[in-house]
Amino acid sequence: MTRLNLVLLIAVLFSALYVVHTQYESRRLYVELEKTAALSRKLEADRERLQVEKRGQATPLRVEQISKERLQMRTATPAITEYVRYKQVPAGEVRP
């Protein structure tokens with residue numbers, strides 16, 4: 001009888017240790033999940049902020065300003081525009 005009690009006591013101790021270990025692991029995974037969710041929210045906010053900055057950088061006024069300052073480009077006016085005209089090609093000939 002004492003042998004059965006000892007076996008049952010050992011079984012209860014192992015099951016108690018298993019429950020404690022499982023609860024600990026569950027809490028650890030939950031904390032990791034919360035950290036990952038917080039990081040995901042932060043990355044989403046950063047992505048939205050970068051999208052807004054990207055749209056701000058791509059405005060026509062900004063592109064024109066950069067092209068004038070860095071590339072020394074200027075706007076095309078009729079005074080500096082050159083028009084190219086093709087010669088009339090007879091109907092039977094093919095243009096190169």
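Trainee: Is D46 buried, partly exposed or exposed?
Mentor: Keep in mind that this is a predicted model. The relative accessible area of D46 is 23%. Buried would need a value under 20%, and exposed one over 50%. D46 therefore counts as partly exposed.

Trainee: Which residue does the side chain of D46 meet in a salt bridge?
Mentor: Look along helix α1, four residues away from D46, about one turn of the helix. The partner there has a relative accessible area of 48%, so it is partly exposed. At 3.2 Å from N to O, the side chain of D46 meets that of K42.

Trainee: Which residues are joined into one network by salt bridges that share partners?
Mentor: Begin with E25 and R28, whose side chains meet in a salt bridge of 2.4 Å, N to O. R28 also meets the side chain of E32, at 3.4 Å, N to O. Because these salt bridges share a partner, they form one network. Its members are E25, R28 and E32.

Trainee: Why are E25 and R28 separated by about one helical turn, and what separates E32 and R28?
Mentor: Helix α1 covers residues 2–57, and E25 and R28 sit three residues apart in it, which means about one helical turn between them. E32 and R28 are four residues apart in helix α1, so the separation there is also about one helical turn.

Trainee: What are the relative accessible areas of E25, R28 and E32?
Mentor: These three are each partly exposed, so you can expect values between the two cut-offs of 20% and 50%. E25 has 25%, and R28 has 36%. For E32, the relative accessible area is 42%.

Trainee: How many salt bridges does a search of the whole structure find?
Mentor: We have met some of them already, including the one between D46 and K42 and the one between E25 and R28. The search of the whole structure gives a total of six.

Trainee: Is S67 buried or exposed?
Mentor: S67 belongs to helix α2, which runs over residues 60–69. Its relative accessibility is 16%, and the cut-off for buried is under 20%. S67 therefore counts as buried.

Trainee: Which residues is S67 in contact with, leaving aside its neighbours within four places in sequence?
Mentor: One of them lies in the segment after α2. That residue is Q72, exposed at 63% relative accessibility. The contacts of S67 are Q72 and M73.

Trainee: What is the phi of Q72?
Mentor: Most residues other than glycine have a negative phi. Q72 is not a glycine, yet its phi is positive. The value is near 50°.

Trainee: What radius of gyration does the chain have?
Mentor: For a compact globule of 96 residues, you would expect a value near 12 Å. The C-alpha trace of this chain spans about 115 × 45 × 15 Å along its principal axes. The chain has two helices and zero strands, and of its 96 residues 1% count as buried. Its radius of gyration is 38 Å.

Trainee: How far apart are the mean positions of the positive and negative charges of the chain?
Mentor: There are 17 positive and 11 negative charges to place. Once each set is reduced to its mean position, the two points are 1 Å apart.

Trainee: What share of the exposed area of the chain do carbon and sulfur atoms supply?
Mentor: The chain exposes about 9800 Å². Of that area, carbon and sulfur atoms supply 63%.

How values were computed
Residues are numbered from 1 along each chain as its sequence is written. This is a predicted model: local features need pLDDT of at least 70, side-chain atom pairs count only at pLDDT 80 or more; totals for chains, interfaces and linings use all residues. Side-chain values use heavy atoms; hydrogens and water are left out. Buried means under 20% relative accessible area, exposed over 50%, partly exposed in between (1.4 Å probe, protein chains only). Contact means heavy atoms within 4.5 Å. The radius of gyration is taken over C-alpha atoms; the globule rule is 2.2 Å times the number of residues to the power 0.38. Accessible areas come from the Shrake-Rupley method with a 1.4 Å probe; for residues, only the protein chains shown count as cover. Lys and Arg count as positive and Asp and Glu as negative; His and the chain ends are not counted. The place of a charge is taken as NZ of Lys, CZ of Arg, CG of Asp or CD of Glu. A salt bridge is a side-chain nitrogen of Lys or Arg within 4 Å of a carboxyl oxygen of Asp or Glu.
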